[in-house]
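Open the model in your viewer and keep the selection tool at hand. We will go stop by stop.

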Amino acid sequence: MKEPQRIIRRPLVTEKSTLQKEEGRQYVFEVDRNANKIEIRSAVERLFKVKVNHVRTMNVLGKIKRLGRRYGKRPDWKKAIVTLREGDRIDFFEGA
Amino acid sequence: MNITVEEISSIKKKVQVEIPDEQVTKEVETLYKEVGAKAKIKGFRPGKVPRNILERYFKDYVKGEVIQKLIQETYPTALSEKNIHPVSLPVIDPGELESGKPFQYSATVEVKPELKIENYIGLKLEGKKEEIKEEELESRLKDLQNLHAQLKTIPQPRPVRHGDYVIIDYEARMENKPLEEGKGIDVTVEVGGGRFIPGLEDKMIGLTPEEEKEIEVFFPEDYGYKKLAGKTISFLVKVKEIKEKVLPPLDDEFAKDLGDYASLEDLKRKLQEEIEKEKEMMLDRKLKDQIIDQLIQAHSFEVPESMVEEQAKALVSDTQLRLASQGIVLKNLNIPEEKLQEDYREVAQKQVKTFLILETIASQEGITVTDEEVEERLRSIAERAHQKIEVVKRYYETNGLIPELKTGILTDKTLNFLLGKANIS
């Protein structure tokens with residue numbers, strides 16, 4: 001199995017993710033596209049020393065962008081929403 | 001707000017200010033609100049950034065701003081509350097700022113020393129107005145004559161004498177090599193005037209027109225121009241023409257030519273008056289110098305460093321201006337400004353001391369400056385500068401020089417007051 005640092009790309013800090021964190025102990029990450037939920041779960045648990053209740057993932061398709069007549073595509077990526085056990089928390093902003 | 005004042009010395013004070021926590025919190029809150037409304041952070045719409053994220057990005061900025069704002073707001077009130085009039089910029093030492101805790105800072109400022117000047121009535125001064133001597137008038141007249149003298153070519157060729165003006169061509173050689181800069185054609189030299197190359201002038205005495213001669217001149221070690229110092233230079237000099245100075249005769253005609261003088265008698269009388277006035281001013285200055293010296297000697301006190309510094313700076317810039325008017329740029333003289341300031345330090349210190357003493361006496365005696373006196377002073381400045389008084393006044397007002405002018409008048413008045421009360425022998 002890959003080391004956790006390669007599975008978890010970065011925390012996602014947005015308005016929505018901040019809200020989820022505050023209301024439902026859900027933390028949002030950008031993760032490796034090939035990682036599955038089990039890998040993500042263990043990576044988060046090992047990296048942040050917390051207990052994960054469950055993981056939800058989704059593939060985010062990159063936007064098609066146009067510059068003049070040329071079309072380009074932003075890369076696709078995988079988003080993971082990790083729900084922690086009650087009482088656990090992650091201060092992932094320190095390194096961000 | 002809690003203010004304590006600590007006296008470090010007679011001229012230094014440390015002001016400690018404590019600002020209560022509510023005020024600190026309020027300031028921090030409002031600033032975050034302000035920042036939050038405008039901050040653009042990825043992932044958030046402007047104005048929707050949560051507080052903890054804002055803090056991460058703007059903590060140092062907010063801290064600095066709040067400290068600055070709090071100090072700016074409270075510093076003047078703290079001073080006026082404790083009746084401190086600083087003469088220097090404060091050295092501020094801010095404490096730690098934390099929301100919800102009182103904020104402390106200290107400001108160290110220099111103040112004018114509290115002086116008590118005594119025994120300034122009936123100072124013993126020495127000095128008498130000098131009588132005008134006949135010779136002084138004579139020399140004045142002679143100067144005028146010299147000023148209006150004309151150069152005339154001598155009718156008959158004769159050797160050069162002391163006091164002649166000669167027109168020469170010359171070429172300088174050092175160690176048998178011609179010097180580039182040592183060449184001159186049709187140069188007018190006053191023999192014995194001491195303005196040309198030293199030593200060369202005297203050796204030209206006795207030359208006749210059209211005569212060429214090789215003259216050797218030794219330049220002393222301490223000669224100003226380093227390249228030539230301590231060297232022997234030979235000059236090939238050719239005298240082209242000898243001119244004599246012809247002084248105009250002292251008569252009524254001469255007096256009329258000079259201006260509005262009706263006759264020679266009239267001119268003499270005017271000169272006499274002029275000399276008299278100068279002597280009076282000299283005496284005045286001498287007596288006032290004595291007053292100042294005596295007062296400074298009788299009272300020792302500490303002088304705020306910043307005032308001295310400022311005064312020294314002013315003196316330096318004065319010098320710069322004066323040199324500039326002669327076409328000399330200070331930078332080209334290889335004298336660093338700092339060195340100059342150091343040199344002026346002592347003078348500046350004396351001036352500051354004088355000013356402090358006189359100011360104290362003025363307040364003790366209730367001497368003040370009225371608006372009319374300012375007006376009067378402006379008028380006389382305007383006259384000297386050949387400007388309209390309105391122009392001068394506007395200049396002084398826009399440049400904020402009126403207070404300076406006022407203190408000038410105040411010190412003058414105080415000095416005159418002291419002079420009036422002094423014992424002159």
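How many nonpolar, polar and charged residues does the lining of the largest pocket have? This is a predicted model, and the lining has twelve nonpolar, seven polar and ten charged residues.

**Stop 1: the largest pocket**

Select B:Gln311, B:Gln351, B:Phe355, B:Glu404 and B:Thr407. Of the 29 lining residues, these are the closest to the pocket centre. The pocket's volume is about 1100 Å³. Now colour four helices of chain B: α6 (264-298), α7 (305-325), α8 (337-365) and α11. Each supplies at least two residues of the lining.

**Stop 2: two packed helices**

Stay on α11 of chain B, residues 402-421, and add α9 of chain B, residues 371-385. They pack at an angle of about 100°, and their axes are 10 Å apart. That angle makes α9(B) roughly perpendicular to α11(B).

Show the side chains at the contact. From α9(B), pick B:Asp371, B:Glu373, B:Val374, B:Arg377, B:Leu378 and B:Ile381. From α11(B), pick B:Ile402, B:Leu405, B:Lys406, B:Ile409, B:Asp412 and B:Lys413. Six of the contact residues are nonpolar, six are charged and none is polar.

**Stop 3: the sheet of chain B**

Move to the four strands of the open sheet in chain B. Their order is β1-β2-β4-β3, with antiparallel pairing. Which strands stand at the edges? Select β1 (2-9) and β3 (91-94) of chain B: each has a single partner strand, so one side of each is left without a neighbour in the sheet. On average, neighbouring strands are turned by 15° against each other, direction ignored.

Next, zoom in on β1(B) and β2(B), residues 12-19. Seven bridges join these antiparallel strands. For one of the bridge pairs, select B:Thr4 and its partner in β2(B), B:Gln16.

Now add helix α2 of chain B, residues 51-82. This helix packs on the sheet and touches β1, β2, β3 and β4 (103-110) of chain B. Its direction makes about 55° with that of β4(B).

**Stop 4: the second largest pocket**

Keep α2(B) on screen and bring in β1 (8-11) of chain A. Each supplies at least two residues of the lining of the second largest pocket. The largest share, three residues, comes from α2(B).

Select A:Arg10, A:Leu12, A:Val13, A:Thr14 and B:Lys42. Among the 22 lining residues, these are the closest to the centre. The pocket holds about 660 Å³ of space. Its lining divides into 13 nonpolar, three polar and six charged residues.

Definitions and conventions. Residues are numbered from 1 along each chain as its sequence is written. Chains are lettered from A and ligands numbered from 1 in the order in which they are written. This is a predicted model: local features need pLDDT of at least 70, side-chain atom pairs count only at pLDDT 80 or more; totals for chains, interfaces and linings use all residues. Side-chain values use heavy atoms; hydrogens and water are left out. Two strands pair if DSSP finds at least two bridges between them. Axes are lines fitted to C-alpha atoms, for helices over the stretch in contact, and angles run from 0 to 180 degrees between N-to-C directions. Contact means heavy atoms within 4.5 Å. Angles under 35 degrees count as roughly parallel, over 145 as roughly antiparallel, 65 to 115 as roughly perpendicular and the rest as oblique. Ala, Val, Leu, Ile, Met, Phe, Trp, Tyr, Cys and Pro count as nonpolar, Asp, Glu, Lys and Arg as charged, and the others, Gly among them, as polar. On a 1 Å grid over the protein atoms alone, a cavity is a set of points where a 1.4 Å probe fits but cannot get out, and a pocket is an open set with protein on both sides within 12 Å along at least five of seven lines; lining residues have an atom within 4 Å of a point. Grid points are joined across faces, edges and corners, and a volume is the space filled by probe spheres set on the points.
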